[in-house]
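Biologist: I have a new structure to learn from, and I would love to go through it with you step by step. Could you show it to me first?

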Amino acid sequence: MTTRYTQAEWRVIIEEAERDLPSSFPRYKAPTLGTPDFAKRIDHTLLKLDATKEQIDLLCEEAKKHAFQSVCVRLSWVKRAIENLREANVAVACVVGFHEGTYSVSEKVKEASVAASAGASELDMVINYPLLKQQRYSQVYTDIAAVRNVAPHPVVLKVILETSKLSQFDIIAGCKVAEAANADFVKTSTGFGGQGATEENVRLMKSVIGPEMKVKASGGVKTVNECVAMMEAGADRIGTSNGVWIMKEAQTLLEDITHAVGDKGRKNSRPSGSLTRMFSSS
């Protein structure tokens, strides 16, 4: 597989993207709490090496109950997840090259091929971030493009950058290389390699990708407040093992606001604290 650009051309693309960064970033609108659109932003995730079949079964049942977008699992659990979700409108996502990202291209291609053949409709592959940091962009491109080649559309390909290991320039570079390789998403983190998603990095990633590409925030997103903050920063998808808790929090907030509005003594008042942030029109 040939690389798409020369090293000099990659540098120009990445430097232009850095130079064109906006002075301020938009605030995106998150879906209304508790709605199907909100639930469909969540990838319900279980990636522990010691996960059990009972835990995978429960993960799938929770995903069906809350109508999440997907369950995200390791390759060894893809077939079981597919069986559990056969009649449900919930996708199965499989991680590739997880979690170090330094596996060979052939290993990643094999994982991706087996996962897609088993029925996984989404792949979350870890970029080779040591090569990215070394600015070996052609090799990084080949890595991603090879996986895309064996898992073409409509399989959704997400590229995990592991932002905690990268500089701003590296994050921009990772986004532009993933975009050139026809990935569908760039994703912040594995959740296993230092700090997870941050609003700052989500905003940065959203600002440098094209309109057809999306951002997934993953790693450390544990509460409804954090979930909404990532969406407002530009995340189109949230990867979390706390999806059920987030939905419970969302329901509680909805009940609280309903009670607040129904209270005659507070009809014209605004909800306070975190409620203000969730339901403010500003």
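**Talking through the model**

Modeller: Happy to! Let's begin with Gln-135, which has a relative accessibility of 27% and therefore counts as partly exposed. Keep in mind that this is a predicted model.

Biologist: In which loop does Gln-135 lie, and what is its phi?

Modeller: Gln-135 is in the loop between helix H6 (129-133) and H7. Most residues other than glycine have a negative phi. Gln-135 is not a glycine, yet its phi is positive, at about 60°.

Biologist: Asn-182 also caught my eye. Is Asn-182 buried, partly exposed or exposed?

Modeller: First, the setting: Asn-182 lies in the loop between helix H8 (168-180) and strand S6 (185-187). Its phi is positive too, near 70°, and it is a residue other than glycine. Buried would need a relative accessible area under 20%, and exposed one over 50%. With a value of 45%, Asn-182 is partly exposed.

Biologist: Now the strands. In what order do the 8 strands close into a barrel?

Modeller: Strands of a sheet pair through backbone hydrogen bonds, either parallel or antiparallel. Here the pairing is parallel, and the barrel closes in the order S1-S2-S3-S4-S5-S6-S7-S8. Neighbouring strands of this sheet are turned against each other, direction ignored, by an average of 25°.

Biologist: Let me zoom in on one pair of strands. Which residue in S2 is the bridge partner of His-44?

Modeller: Strand S1 covers residues 42-45 and strand S2 covers residues 70-73. These two pair in the parallel sense over 3 bridges. In S2, the bridge partner of His-44 is Val-71.

Biologist: What about aromatic rings? How are the rings of Tyr-5 and Trp-10 arranged?

Modeller: A search of the whole structure turns up 3 aromatic pairs. In the pair of Tyr-5 and Trp-10, the ring centres are 4.9 Å apart and the planes stand at 85°. Planes over 60 degrees apart count as edge-to-face. So the pair of Tyr-5 and Trp-10 is edge-to-face.

Biologist: Is Trp-10 buried or exposed, and how about Tyr-5?

Modeller: Tyr-5 has a relative accessible area of 25%, so it is partly exposed. Trp-10 has a relative accessible area of 0%, so Trp-10 is buried.

Biologist: Trp-10 and Tyr-141 pair as well. How many residues apart in sequence are the parts that this pair ties together?

Modeller: The ring centres of Trp-10 and Tyr-141 are 5.8 Å apart with planes at 50°, so this pair is tilted. Trp-10 belongs to helix H1 (residues 7-19) and Tyr-141 to helix H7 (residues 137-150). The pair therefore ties together parts that are apart in sequence by 131 residues.

Biologist: Which ring does the charged end of Lys-206 sit over?

Modeller: A charge sits over a ring if, among other conditions, it is within 6 Å of the ring centre. The charged end of Lys-206 is 5.4 Å from the centre of its ring, which belongs to Tyr-28.

Biologist: One more on helices. Are H9 and H10 roughly parallel or roughly antiparallel?

Modeller: The axes of helix H9 (residues 199-208) and helix H10 (residues 224-233) come within 8 Å and cross at roughly 25°. Angles under 35 degrees count as roughly parallel. So H9 and H10 are roughly parallel.

Biologist: Last one! Which peptide bond leading into a proline is cis?

Modeller: Most peptide bonds are trans. Pro-154 lies in the loop between H7 and strand S5 (156-160). With omega near 15°, the cis bond is the one from His-153 to Pro-154.

Definitions and conventions: Residues are numbered from 1 along each chain as its sequence is written. This is a predicted model: local features need pLDDT of at least 70, side-chain atom pairs count only at pLDDT 80 or more; totals for chains, interfaces and linings use all residues. Side-chain values use heavy atoms; hydrogens and water are left out. Two strands pair if DSSP finds at least two bridges between them. Helices (H or I, at least four residues) and strands (E, at least two) are DSSP runs, numbered from the N terminus. Axes are lines fitted to C-alpha atoms, for helices over the stretch in contact, and angles run from 0 to 180 degrees between N-to-C directions. Rings of Phe, Tyr and Trp (its six-membered ring) pair if their centres lie within 6.5 Å; planes under 30 degrees apart count as stacked, over 60 as edge-to-face and the rest as tilted. Buried means under 20% relative accessible area, exposed over 50%, partly exposed in between (1.4 Å probe, protein chains only). A charge sits over a ring if NZ of Lys or CZ of Arg is within 6 Å of the ring centre and within 35 degrees of the ring normal. Angles under 35 degrees count as roughly parallel, over 145 as roughly antiparallel, 65 to 115 as roughly perpendicular and the rest as oblique.
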